[in-house]
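Opening the notebook on this one. I want to look at enclosed space first, then at rings, then at a few charged side chains.

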Amino acid sequence: MYSNEEVWEGGYDEYGYEMGMPEDPIYDRGYFPMHEDVKKFLVYFCSVIKDGVVYEIQNLYENTFPKLSEQHFEKKAWPSEDEVAHLVDNDNLFLILYKELYYRHLHARIQGGPSLEQRLNSFYNYCNFFNYILPSKEPVQLELPDIWLWELIDEFVYQFQNFAQYRARLTDKSEEEMDMLLNNNSKVWNILCILNVLHSLVSMSKIKDQLEAAAAGKDPEEVAGEFGRHSFYKMLGYFSLVGLLRVHSLLGDYHQAIKVLEPIELHKKSQYSHIPACQISTSYYVGFAYMMMRRYSDAIRTFSSILLYIQRTKQLYSARSYQNDQINKQTDQMYHLLAICLVLHPQCVDESLQQVLREKNYHDNMYKMQCGDLDVFRNFFVFACPKFVSPVPPPPDAPIEDYVKEALEHQINVFMDEVRQQQELPTIRSYLKLYTTLPMMKLASFMDHLPRDEVDKQKLENLLTRLLCFKHKMKNVVWTKGASGLEGKFQSGSELDFYIDKDMIHIADTKVSHRYGDFFIRKIMKFEDLNRRLHAIKG
């Protein structure tokens, strides 16, 4: 239903809505006349969007709007549509874009979040925007900076997620709100609508064809089509792929989450990776999906790569903004997920990442996880996982309860089942590392804390099951080459291997020693190059 070829073209008019913003007394601006700076900003913002001056739009969007929000609207809403309309000559397109920022500000800054009516109106405003750009027979004359296009798609998915959680919390709703939610607005923020919009943008931009052509060394312009040649549609299509990754991850469909990114070569930098927030979000959801699919090596590589990138560019995320706050939170979450993966599937990672794990007190918790502390596993997972949602609302006759945590609890149970299966593997690994040969009887006595003469046949059979589990869990699919992140070959990720001959375990340490020579050679060459440059400057 959601393939590239099958795109719904019916628009969103069937939802039946009036344009406009809520008349909420909390946000009545009668007592707060609009500041002159804000008026000038809105008039100028409208004019540069009309003229398509992208660099100036980006400056106003990234710098001026947040600054004015901080100065005048830190804990209150921006002016309503009615107050702004006469300043911009009722420019419909600008008002749609302005309202996108208006509702985003409500979600980010207003304590308690937006009201139900505001959530509905935000959805209708997105419908207006997508109705403007999707049914058009030729590309619309609109240019927006890539950072705005990314944040627009990211916010669209976020507001769907936020509404799904709001909708599942029945305990704090009035009868009127319940009626609006369950009866009159069942199609608002509907999962099918979200998927349809994102797939429509992907299809219209032909971004998959463009990515495949670029990977094959061909000119993407040849397959881009009329819409895909425009940066506006091309980037919306690319960001929609990442939006689909996020949506499927929130629903717990990890295979589909990775599959939807197939044209994107996840392990290579590209011209599309210039928006740091997009790159970081992609790596977070890809890494998490890999972890839940028990592809720990791929998850560790994904997390390590992006965390090293963040270390190199961390000065970019020091300024306070809701996007930078999100980046910093996702960074912390990825360190938690990396810690989980390294406990379940030990392997070498970059020394700078090891240092962060030591300094930020992950080390103690990792030791507890290695000792089989399930509570630490659970706490790390709950902190680091996405905020899962149910694709459907609670049924109209459901008891008045809080259903928000149902989706999360389901994913926790899936994850903890996997952890319980591996609970004793770190202990087995620690004993096997100490020996080159080890009698089965002796290992069974270690595992069950019994004298050897008390180890019976059942205990030995249990040990065989554990050793088979060790072999099975240490072997997983690892990506080696190809555009699809789902491709890969079965590889053993354990630093040791063993086989059993009668009643004796024979252990082979397969860990490759560090090659320090290469490291020192690189540093010497770097030093000599620096020396030459200094002498050239001196001369």
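**Entry 1, the largest cavity.** I pulled the lining of the largest cavity and got Val343, Leu344, Met369, Phe377, Val419, Gln422, Gln423, Leu425, Pro426 and Arg429. Note to self: this is a predicted model. The volume of this largest cavity comes to about 60 Å³. I also looked up how many cavities of 30 Å³ or more there are, and the count is three.

Which helix gives the most to the lining of the largest cavity? I found that α20 does, with three residues. Both α15 (322–344) and α20 (425–432) supply at least two lining residues each. Sorted by class, I have seven nonpolar residues, two polar ones and one charged one in that lining.

**Entry 2, from Arg429 to Asp497.** Arg429 is in the cavity lining, so to speak my starting point for a jump along the chain. I checked its separation from Asp497: 68 residues in sequence, and 9.9 Å in space from C-alpha to C-alpha. Asp497 belongs to strand β4 (residues 496–501). Buried or exposed, or something in between, for Asp497? Its relative accessibility is 34%, so I put Asp497 down as partly exposed.

**Entry 3, aromatic pairs.** For each pair I noted the distance of the ring centres and the angle of the planes. I counted 34 aromatic pairs. One of them is Phe130 with Phe156, an edge-to-face pair at 5.1 Å centre to centre, with 65 degrees between the planes. This pair links distant parts of the chain, with Phe130 in helix α5 (residues 116–133) and Phe156 in helix α6 (residues 146–168), 26 residues apart. I have both Phe130 and Phe156 as buried.

Next I took Trp150 and Phe239: their ring centres are 5.7 Å apart and their planes are at 65 degrees, so I logged this pair as edge-to-face too. Trp150 is in helix α6 and Phe239 in helix α11 (residues 231–250), so the pair ties together parts 89 residues apart in sequence. Trp150 and Phe239 are buried as well.

I then followed ring pairs from one residue to the next and ended up with a cluster of Phe41, Phe45, Tyr61, Phe65, Phe73, Trp78, Phe94, Tyr98, Tyr102, Tyr103 and Trp148.

**Entry 4, charges over rings.** Which ring does Arg119 lie over? I found Arg119 over the face of Tyr166, 4.1 Å from the ring centre. I also found the charged end of Lys471 over the ring of Phe498, at 4.9 Å from its centre.

Definitions and conventions
Residues numbered from 1 in each chain as written. Predicted model: local features only at pLDDT ≥ 70, side-chain atom pairs only at ≥ 80, totals over all residues. Heavy atoms only, no water. Helix = DSSP H or I, 4+ residues; strand = E, 2+ residues; numbered from the N terminus. Buried < 20%, exposed > 50% of the residue type's maximum accessible area, 1.4 Å probe, protein only. Phe/Tyr/Trp six-rings, centres within 6.5 Å; stacked < 30°, edge-to-face > 60°. Lys NZ or Arg CZ within 6 Å of the ring centre and 35° of its normal. 1 Å grid on protein atoms, 1.4 Å probe; cavity = no way out; pocket = protein on both sides within 12 Å on 5 of 7 lines; lining within 4 Å. Points joined across faces, edges and corners; volume = space filled by probe spheres on them. Nonpolar A, V, L, I, M, F, W, Y, C, P; charged D, E, K, R; others polar.
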